[in-house]
Amino acid sequence: MNRKEFIVKSCAACIGATALSTIVSSCAATQFANGKLTKDGILIDVNEFALKEKDKYRLYIVVRNEALLFPICVYRFSDTDYAALWMQCAHQGAELNVAGDYLQCPAHGSEYSNRGKVTNGPADRDLRTFPVTLNNNQIFIDLRKA
Ligand code: FES
């Protein structure tokens, strides 16, 4: 193997390893929860955020329910501070992807903060958000207000 072949094969191996680790880490990081629909909103168990390590928590979970047209991403900032974001892009309505501590639109690249503020266009409006309250280890996402 000459130097050029070595470099080409090494680069291909690195790109493959990077792509695989990205796919594996993004799958492992996302926790999906089936929210329990109530008359006014959705309930999720606060333990959905818990990790195996003591006092470690997921950054976010994605709540799905068959009655919802889009999922809701719930970010955890502290024991009592959560943000619930409707995962529909404010530009033309595509479903957003979660990219760690921000959301990104696969259609035209808009980005939103973990509080739902638009940080990168073409979207020019923030995401729809819902009030979140905590009661007896249950997180209530109030769908009546946005
Ligand atoms: S639909 Fe999301 S940026 Fe256009």
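How many helices and strands make up the secondary structure of the protein? In this predicted model, the secondary structure comes to one helix and 13 strands. The helix precedes the strands along the sequence, the pattern being α-β-β-β-β-β-β-β-β-β-β-β-β-β. The protein has 146 residues, of which 25% are buried. Of the contacts between residues at least 6 apart in sequence, 39% join residues at least 24 apart.

Four of the strands form an open sheet in the order S2-S3-S13-S12, and their pairing is antiparallel. The edges of this sheet are strand S2 (36-37) and strand S12 (132-135), each of which pairs on one side only. Strand S12 is joined to strand S13 (residues 138-142) by four bridges, and the two run antiparallel. Within this part of the sheet, asparagine 135 lies opposite glutamine 138 of S13.

In soluble globular proteins, nonpolar side chains tend to be buried together. In the present model, the largest nonpolar core contains 31 residues. Ile72, Cys73, Val74, Ala84, Leu85 and Ile141 have the most contacts inside this core. At least two core residues come from each of strand S3 (41-45), strand S4 (60-64), strand S5 (72-76), strand S6 (82-86) and S13. Strands S3 and S13 thus appear both in the open sheet and among the strands that supply the core.

The surroundings of one core residue, cysteine 73, were examined further. When residues up to four places away in sequence are not counted, cysteine 73 touches Tyr60, Val62, Leu85, Met87, Val98 and Leu103. One of these partners, Leu85, is also among the core residues with the most contacts.

Conventions. Residues numbered from 1 in each chain as written. Predicted model: local features only at pLDDT ≥ 70, side-chain atom pairs only at ≥ 80, totals over all residues. Pairing = 2+ DSSP bridges. Core = buried A, V, L, I, M, F, W, Y, C linked by C-beta atoms within 7 Å. Buried ≥ 20, exposed ≤ 12 C-beta atoms within 10 Å, placed from the backbone. Contact = placed C-beta atoms within 7 Å.
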